[in-house]
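Open the model in your viewer and keep the selection tool at hand. Each stop below says what to select next and what is there.

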Amino acid sequence: MKNAFFLLLGLAVVAPALAQPGSSPSGMPNFKVQVVDNQISIGYGLAIGDVDGDGQSDILLADQKEFVWYKNPGTRMAGDTSARWKRYVMAANLTPQDNVCITARDLDGDGRVEVAVGAGWNPAETDDSTKSGAVFYLVRPQDPTQRWEPIRLPHEVTTHRMRWAKVGKTYQLIVVPLHGLHNRNGNGQGVRIWGYELPKNPRDSWKRHLVDSTMHLTHNFEIWEDGDATGLIVAGKEGGQIFEWRKNKWRPVDDEGASNALPLLNKGVDGIGEIRRMDKGKSIATIQPMHGNLLQVETGAYSVQKGRKAVTDKQINVLTDIFNQGHALVCGDFLGIGSDQIVAGWRNPNAEKKVGVRLYKPQEQDNVGGYPIDDSVRMACEDIQAADLDGDGDLDLIASGRATLNVLIYWNQLKR
């Protein structure tokens, strides 16, 4: 392998309970909120990309029964909270059950995203794949504001998350279900994670590559690409596991680490829910346990190169425990300080009867309250994405609310 991959896993001791947040410290980030849509049905998942090829990043949403996109009104208007993001339906009612996920990326270099979606959301059904799970590639029409043609692909039960990954000279659609076939309460067969290789004609058969089938109750994952190397890190019951594409096959990088993740915190039942790399893999941010209350950062790494593993010093910091159903996590340099911060959201009212979105600086370990970005009952955060929507060089935030039934933009007002 040309580049080292890093995996941060596990919690060796249970952290003490943290205090509830008090007043926010100085230096609070400055974000301005805009309502994109306040009449959605659930808002399971978001994606960002240029749908119509106008050079502007648009917002894509997996809602309960519809997959939709919102057209960016343009660079000059995007930061204007009165500017309208017009809504278009891409596909609707693809399965009797709810939709659940969406991914978008420009795969052929034409400046317009290719889109895949997941539906058939029925997490209690793990035996019958005709009643649980669905994967579709959406074929773009000449006019992207019209309906897109769904191409059904093979699937596992409980389709849950998906992302595009560049693998060599091709692309794969990585699909991670919630449960394995016949799985009961996280026990039984492992989750079969597949990489679907995009054919030249998407209506042809898609070759599938098995990523892994050993994890249980997987929840979210992240992909990164570094030169010729492609890797992904998956959060689940066993903690975190990392895989790399090497010699035309997905291979586990550290299959010993999963057994060390969170045995004391959650007794191996709920694992990690959300997971993101920070600062090019130097640290990992997680929400634990699954749908949990803890935001944690792990610094230090298991590094692997040329098949040999070396363990470096590892430091584990719990930044906060104030979440209730933590379900959204994104990392980036929102403040322009040269290192990543963490933005996390939760979807159920916490002890202060609030839902919301907050930013945390990993170096501020005593700042349990973080920096409120939306600290009210306005955003019961189900998913969150970061992107520069207005081309000013700063990362903005886009969030979808489950109980609040809305899509909001938080415009970054950072002044350089």
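Start by selecting Glu-222. Glu-222 is buried (under 20% relative accessible area, where exposed means over 50% and partly exposed lies in between, with a 1.4 Å probe and protein chains only). Even so, Glu-222 has no salt bridge (a side-chain nitrogen of Lys or Arg within 4 Å of a carboxyl oxygen of Asp or Glu). Now add Arg-276 to the selection: Arg-276 is the nearest side chain of opposite charge, 4.6 Å away. For charge, Lys and Arg count as positive and Asp and Glu as negative, while His and the chain ends are not counted. Side chains of opposite charge can pair when their charged atoms come close.

What lies 2.6 Å from a polar atom of the side chain of Glu-222? Select Arg-277 and find its backbone nitrogen, which is the atom at that distance. Glu-222 itself is found in strand β15. Strands (E, at least two residues) are DSSP runs, numbered from the N terminus.

Two notes before moving on. This is a predicted model, in which local features need pLDDT of at least 70 and side-chain atom pairs count only at pLDDT 80 or more, while totals for chains, interfaces and linings use all residues. Residues are numbered from 1 along each chain as its sequence is written, and side-chain values use heavy atoms, with hydrogens and water left out.

**The largest pocket**

Keep Glu-222 selected and add Arg-163, Ile-223, Gln-385 and Ala-386. These five are the closest to the centre of the largest pocket, out of 40 residues that line it. The pocket holds about 1,000 Å³ of space. A pocket is found on a 1 Å grid over the protein atoms alone, as an open set of points with protein on both sides within 12 Å along at least five of seven lines; a cavity is a set of points where a 1.4 Å probe fits but cannot get out, and lining residues have an atom within 4 Å of a point. Grid points are joined across faces, edges and corners, and a volume is the space filled by probe spheres set on the points.

To see the lining, colour the strands that give two or more residues to it, among them β3 (45–49), β11 (159–167), β15 (220–226) and β29 (381–387). The lining divides into 21 nonpolar, 7 polar and 12 charged residues. Here Ala, Val, Leu, Ile, Met, Phe, Trp, Tyr, Cys and Pro count as nonpolar, Asp, Glu, Lys and Arg as charged, and the others, Gly among them, as polar.

**The second largest pocket**

Next, go to the second largest pocket, with about 290 Å³ of space. Select Asp-108, Glu-114, Tyr-137, Leu-198 and Pro-202, the closest to its centre among 17 lining residues. The largest share of this lining, 3 residues, comes from β9. By class, the lining has 11 nonpolar, no polar and 6 charged residues.

**The cavity**

The structure holds 1 cavity of 30 Å³ or more, and its space is about 40 Å³. Select His-155, Glu-156, Thr-159, Val-175, Pro-177, Arg-192, Trp-194 and Tyr-196 to show the lining. β12 (170–177) and β13 (193–197) each supply at least two of the lining residues.

**Salt bridges**

How many salt bridges does the count come to? It comes to 18. Select Lys-71 and Asp-54, whose side chains meet in one of 3.0 Å, N to O. Lys-71 is in strand β5 (residues 66–71) and Asp-54 in the loop between β3 and β4 (58–62), 17 residues apart. Lys-71 is partly exposed at 27%, and Asp-54 is partly exposed at 34%.

Then select Glu-352 and Lys-354, where the closest N and O atoms of the salt bridge are 4.0 Å apart. Add Arg-358 and Asp-375: with Glu-352 and Lys-354 they are linked in a network of salt bridges.

**Backbone stops**

Most residues other than glycine have a negative phi, and most peptide bonds are trans. Select Gln-288 and Pro-289, which a cis peptide bond joins, with omega about -20°. Pro-289 is in the loop between β20 (283–288) and β21 (294–299).

Last, compare Leu-217 and Lys-280. Leu-217 has a positive phi of about 50°, and Lys-280 has one near 60°. Which is buried and which is exposed? Leu-217 counts as buried, at 13% relative accessibility, whereas Lys-280 is exposed, at 77%.

Note on methods. Helix = DSSP H or I, 4+ residues; strand = E, 2+ residues; numbered from the N terminus. Polar contact = N/O pair within 3.5 Å; in protein donor to acceptor, adjacent residues only side chain to side chain.
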